[in-house]
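Let's work through a few exercises together. Grab a pencil, look at the model, and try each task before you read its solution.

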Amino acid sequence: MFQSETINDAIISAISMIAEKGPKPLLKRVNFSLEEDSADMITSEQLTELLTIEGDPNDSTQVEFRLALSRWDQSTDSPWLSEAPASAITPKGRERRAYVLHKLGFPEDHFERINFSYPVINAGVMVTNPTDGRWPWYTSDRRTRSHYWDVYQGVLKRRGFGPDAIVALDESTTQIVSRFADPTWDETYQTKGLVVGHVQSGKTANFTGTVAKAIDAGYRLIIVLTGTLELLRSQTQRRLDKELVGFENIVGGIDLTDEVLARETIDYIANQDADWLDGDKFVKFGYDPESVPGVPHIIRLTKSTDDYKSLRAGLSTLDYKSHIRNPEQKIYHPDNLWDTPVRLVVIKKNAAVLRKLIKDLKQIRGNTQDYPALIIDDEADQAGINTKKPPVKLSKEEQEEENKQTRERTTINKLLSELLGILPRAQYVGYTATPFANVFVDASDVEDIYPKDFILSLTPPAAYMGGGSFHDRHLVHAPEEVKTPATSNQAAYVRNIYSTPDTPGIRVREMQDALDSFVLSGSIKLWREAKGSRGNFGHHTMLFHESVKQADHNALADEIHSLWKRSDYLGFDGYDRLLKLWNEDYAVVMRELATRKDSELPDPKTHLIPSSFDDVAVYLPEVIKRIEGGVRPIAVVNGDKDSEYTQAGADFQKGSVWKILVGGAKLSRGYTIEGLTVTWYSRRALAADTLMQMGRWFGYRPGYRDLVRLYIGRNVPAPDKKSQPYDLYEAFESMIGDEEEFRDQLEQFAELDEDGLPQVRPREIPPLVYQSLPWLRPTARSRMYHAKVVQYAKGDRFKDFFYLPPRDPDHNQNLTNLTAIAPVLRLLNEVEFFEYRTATEQLSSYQAKTGTVPAEVVLGSLSNFVWGKPGFADPDIKFVQESISKGTITDFKVVMPIPKDPVNRVIDLDAIAGIRFPIIERKRRERGDFSGSSRWTRQPLEKNYTMKKEPGDLSSHTTGAVIVTLAADQWGELGPFSDPKALKGDTVSPEDVAPLFSWALPHAAAPKGKAGFSVVSPEGPQ
């Protein structure tokens, strides 16, 4: 296939001609541009090949086609849709894509190739309130005002953002802005929303895009609230200035030849900022926005070096009265809005600074009631949440009286409420990776920041390494399969820390292994860089996070430094250790990951694999030189002073950083550790959101994904010395599962019901938050309140009912539950084999006792179970009861897997007398319940019984699936444990057997998911 710059230019030109107007025959327009040179004219097959050929992922031709295709996929109101068939009206569906490709003139037999190369992007899931006529206002016509978005999109392209990432950002920011109030409305409406990203996943890029589109749409006061550190505020200011505000707005007409004035006025000149002096790093428009009608210029009220300061005599800077064209009209009137300049404030969540801004807004002559404002709250779950516990169990009269009074608030929360009060046309959007604190805000408190209007859960790009990348929750393994890097994320990336203060010898060995991994991975990075890999190897860092106490950090740094000096990296001992680590770890992981078929497959163009240790060993001296850098290899980063973060080895803006960082809580919020490759983590936390923020090993690892290692504590001592040690890997797995369930349910309930209305409103989100470990709350107690789910279901998705009471020798919960499930067990009269595929696509199978059981029998059994949490299964039972009455659920395929070496015993229970059952080993967790059913067990049942049926499928549409297992649950002096071999004799007591139960409902019974909610009130659920 031939390519030429002329052809590529012609394709890009043709795409740009039709991108806004809608899909038109593309080949015709390309060849029209090429007709002067007939030798370059191309065929339909050649056009398709040019657009789908694998090569540079940032190829400009494919990028432009991807962006245009996405725009057409998403459109809901474009004029070209008026001719579309009804089946193509729904955005982002197969029918829409087929219609677009048809309009572009591609033959139908090319559709599959194009769709494979350009899959429809899912940017995220939004839960909103029912529309009340206000929306949509952010139409395609309105979006033609796109100066600042176009500028920012261009920056992203130059930064190397892939087209899929830009498409996702475009879609998600459009979703966000479309839920704002129209800034030109006479009506005053204040939107409050929440955007849920992932730790280290690029939330700043998203809110920068949102700011760009909001400015284009007419918002003229932008307030960005950062965390509590000045360094983070300064970094955010600098990034917005560099990528959005731009050179011309910063200069603001100042004569740069007047060096004194330039230094006094422009912070980047005064600081001798390297990127500013470079001349090309800060975006340039090529013109002064103030001179272009309809393009507002931006006035910065804060700088990279200065948080907000009282304006005093300069209050007019914040006053719009002196800047509007028609004083007879409001600022938001179209006669004034489009040419009115934008004020940008980037401010810490600091009481003293917020008070200055509020005071100035109250004093200016302009009426702040009319200001179309946007407030972005980065790290929205930090500082701004009201943690003052409201009164509980109030009578109606007491509640009414309490509402009349001023609610007691924490300082920052009170100031945010005051800011929102004096800017009633402000739109508030919180950004966080840990949303639980925000969704537990009191929804009835109208002055608070509860996201009453929307919650958007962002979908991270495939390149993101999140919690799931370090766990095997969604990978299928056979029961006795040995995990390898080719089949297991845990085997590839995770290394265990078992040492404690009482085992110093083991600690030295584990810590030495972690330091060796840091050095060896650095050598591999340098080898890849020399071989032309497109990875990002400018920074190479390691993180130690063991304690919140600053004194501990200094002691740990000394301990690491002492070990570093003994490591002999340029001598024989160091060489031998690194060679062993290469042979047993890195060489194996790199090669086996290259065979993966899932999202963990590294890009072979960047993740080059050395043929031998000698290839990388030659780079060891350079690695040691960079890490030591003339000072200690360790930088302690744990204080409130900016100097902590601008010291040598911790300032990623001043140059390449190759260092070991030691810190605690200050590294868990906003501060991005660039080039993080090896992490040593052994600090526990009691709240899931706090623990999640400590997951700094999440993020993007371009060119070195396969080199990442997480050393994590599996045996962390409890503070009281009496409790069981904490397994932090298990804690993260549990937390990730709870978060995934939260996001999955958002996705489920984002679907509209039969009447086209949202199934769940943002204020009904709290019941969807779960807690899997007893010691790991979703968020701090002071941030939680309760609602109640009374009905819940999702077709084709298994749910485990393993929330059993902790084993108590004085009670017979197991006897009660076995008696309850006995009617089901008696009907398991057959033996069948079920096939499944493992993570490596190997075909395997398991044997099971089975039976088809009437739904009423299954429901009767589940209804009589005793749970560790009262009412645990009530919402599910309620839904199935209704489904049985409607006839949408009639039966369940019940399966009891038989292990390869079963312990078959008779249970001494009259209801199932004489029947032998396989009793298995299943781990009972700390809170008393058991780990979930196996994915290898679920896979064939999901495929054969519960997933959506194809048209014409004659199998039952009303049969669900149940997995039943019987787990040994012995009671001994040391407490409960599961060990089938501990059961004596041929007959066992029912008190020693825990029945475990999972089900998946047929897809047709709840294809979009369904929930019913009540509200907890003094009189009880309503």
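## Exercise 1: A helix lying on a sheet

**Task.** Which strands does helix H15 lie across, and how is it packed and capped?

**Solution.** Step 1: helix H15 (residues 351-363) lies across strand S3 (221-225) and strand S5 (342-347), running at about 155° to S5. A few ground rules: helices (H or I, at least four residues) and strands (E, at least two) are DSSP runs, numbered from the N terminus. Axes are lines fitted to C-alpha atoms, for helices over the stretch in contact, and angles run from 0 to 180 degrees between N-to-C directions. This is a predicted model: local features need pLDDT of at least 70, side-chain atom pairs count only at pLDDT 80 or more, and totals for chains, interfaces and linings use all residues. Residues are numbered from 1 along each chain as its sequence is written, and side-chain values use heavy atoms, with hydrogens and water left out.

Step 2: check the length. The expected span is 1.5 Å times one less than the number of residues. For the 13 residues of H15 that gives 18 Å, and the end C-alpha atoms are 18 Å apart, so the two agree.

Step 3: find the inward-facing residues. Ala351, Val353, Leu354, Leu357, Ile358, Asp360 and Leu361 of H15 are buried (under 20% relative accessible area; exposed is over 50%, partly exposed in between, with a 1.4 Å probe and protein chains only). These buried residues pack against S3, S5 and helix H17 (411-422), where contact means heavy atoms within 4.5 Å.

Step 4: look at the N-terminal end. Asn350 caps H15 there, with a side-chain oxygen 3.0 Å from the backbone nitrogen of Ala352.

## Exercise 2: The sheet of 8 strands

**Task.** In what order do the 8 strands of the open sheet come, and which strands stand at the edges?

**Solution.** Step 1: read off the order, S1-S8-S2-S7-S6-S3-S5-S4, with mixed pairing. Two strands pair if DSSP finds at least two bridges between them.

Step 2: go to the edges. Strand S1 (124-128) and strand S4 (298-300) each have a single partner strand, so one side of each is left without a neighbour in the sheet. From one strand to the next, the twist averages 15°.

Step 3: zoom in on one pair. Strand S6 (residues 373-378) and strand S7 (residues 426-432) run parallel and are joined by 6 bridges. Here Asp378 stands opposite Tyr431 in S7.

## Exercise 3: The sheet of 6 strands

**Task.** Where do the side chains of S12 point, and are they buried or exposed?

**Solution.** Step 1: place the strand. The open sheet has the order S10-S16-S14-S11-S13-S12, with parallel pairing. Strand S10 (494-497) and strand S12 (634-637) are the edges, each with a single partner strand, so each has one side without a neighbour in the sheet.

Step 2: find the partner. S12 is joined by 4 bridges to strand S13 (residues 658-663). Val636 stands opposite Val662, and Val637 stands opposite Gly663.

Step 3: sort the side chains. In a regular strand they alternate between the two faces of the sheet. Ile634 and Val636 point one way from S12, Ala635 and Val637 the other way, and all are buried.

## Exercise 4: An odd phi

**Task.** Where does Asp568 lie, and what is its phi?

**Solution.** Step 1: Asp568 is in the loop between H21 and H22. Step 2: its phi is positive, about 55°, although Asp568 is not a glycine. Most residues other than glycine have a negative phi. Step 3: Asp568 is partly exposed, with a relative accessible area of 33%.

Notes:
A polar contact is a pair of N or O atoms within 3.5 Å; within protein, one must be able to donate a hydrogen and the other to accept it, and residues adjacent in sequence count only if both atoms are side-chain atoms.
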